[in-house]
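Subject: A structure for you to explore

Hello,

Here is the structure I promised to hand over. Have a look at it first, and then read on for what turned up in it.

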Amino acid sequence: MMEANRNNYETLADPKDGPAAAVRDLLAFFICGFFNSCSFSVMSLTGLILFEFDYYDDGFNWQPFAVLFGAILAPCFAVQFLAPWFMAAVPYRFRVLAVTALSFCSFLLPALGHSNDLIFAGLVCGSLAYGLGEITFLALTSHFHRTTVALFSSGSALGDLVTIPSYLLLLMRIERGQTRLLAECFLP
């Protein structure tokens, strides 16, 4: 009995579905990792560029810079730290919907608003989306073959590698940061 259960987790998909289902599962996790990482990287870079820092005669004011990094890292850490106690009660479809909505808001808030408060709120939404996306998709891989974890991680790594050059290309082509965000709203 134990051997039969272990073998069920080592198949990529239900044998009735055929090999196309296995490829579909692997590709889906790769894409989820890619877009989850892309949106977080874009929001982090955009926040650093759009946020209006204060310069003084005697140098640079580091306080807003520290607050900005707190907005990028603290919500992600809080979600990943607290979610294991209550996330089992939330179905996966609602988690994925929340990740998508938060990620989309993280692009629209700074793009449509022109204040530091909206940029800050967009960064918090992006950080929450990234943290929730990581725990959601990694938890979901436990229901599939173990290679889905590797493909999710590979998609995340590729997302980071693709985001920076594409963002720099848009930075050279489009002057306004809000327009760049609207151009990359397809990522969520």
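Let's start with a cysteine: Cys125 has a relative accessibility of 14%, so Cys125 counts as buried. Please keep in mind throughout that this is a predicted model.

Is Cys125 joined to another cysteine or unpaired? The closest cysteine sulfur belongs to Cys105 and is 5.4 Å from the sulfur of Cys125, which is too far for a bond. As a reminder, a disulfide is a covalent bond between the sulfur atoms of two cysteines. The cut-off used here is a pair of cysteine sulfur atoms within 2.5 Å. A search of the whole structure turns up 0 disulfides. Cys105, then, is in no disulfide either. Cys105 is partly exposed, because its relative accessibility is 36%.

Now for the overall picture. The protein has 188 residues, and 38% of them are buried. Its secondary structure consists of 7 helices and 2 strands. If you follow the sequence, you will meet them in the order α-α-β-β-α-α-α-α-α. Take the contacts between residues at least 6 apart in sequence: 76% of these join residues at least 24 apart. On the outside, the accessible surface comes to about 10,800 Å², and carbon and sulfur atoms account for 70% of that.

Next, the inside. In soluble globular proteins, nonpolar side chains tend to be buried together. Which residues form the largest nonpolar core here? There are 7 of them: Phe40, Met43, Leu68, Ala71, Ile72, Ile119 and Leu123. Helices α2 (19-50), α3 and α5 (116-140) are the elements that each give two or more residues to this core. The largest share, 3 residues, comes from α3. A second, separate core has 5 residues, among them Ala83, Met87, Val99 and Leu132.

Ala71, from the largest core, is a good residue to click on. Leaving aside residues up to four places away in sequence, Ala71 touches Phe120, Leu123, Val124 and Ser127.

Another residue to find is Phe65, which sits in helix α3. Phe65 is partly exposed, because its relative accessibility is 25%. Phe65 and Leu48 are 17 residues apart along the chain, and their C-alpha atoms are separated by 8.0 Å.

Nonpolar residues appear on the surface as well. Phe77, Phe81, Leu82, Trp85 and Phe86 make a nonpolar surface patch of about 640 Å². Where does Phe86 lie? You will find Phe86 in the loop between α3 (63-82) and α4 (92-112). With a relative accessibility of 47%, Phe86 counts as partly exposed.

Last come the charges. Side chains of opposite charge can pair when their charged atoms come close. How many salt bridges does the structure hold? The count is 1. Asp25 and Arg24 form a salt bridge, with their closest N and O atoms 3.5 Å apart. Is each partner buried or exposed? Asp25 is buried, because its relative accessible area is 9%, whereas Arg24 is exposed, at 53% relative accessibility.

Enjoy looking around, and write back with any questions.

Best wishes

Conventions: Residues numbered from 1 in each chain as written. Predicted model: local features only at pLDDT ≥ 70, side-chain atom pairs only at ≥ 80, totals over all residues. Heavy atoms only, no water. Patch = residues over 30% accessible without salt bridge, like charges linked within 9 Å, V, L, I, M, F, W, Y side chains within 5 Å. Areas by Shrake-Rupley, 256 points an atom, 1.4 Å probe, with all protein chains shown as cover. Salt bridge = Lys/Arg side-chain N within 4 Å of Asp/Glu carboxyl O. Helix = DSSP H or I, 4+ residues; strand = E, 2+ residues; numbered from the N terminus. Buried < 20%, exposed > 50% of the residue type's maximum accessible area, 1.4 Å probe, protein only. Core = buried A, V, L, I, M, F, W, Y, C linked by side-chain atoms within 4.5 Å. Contact = heavy atoms within 4.5 Å.
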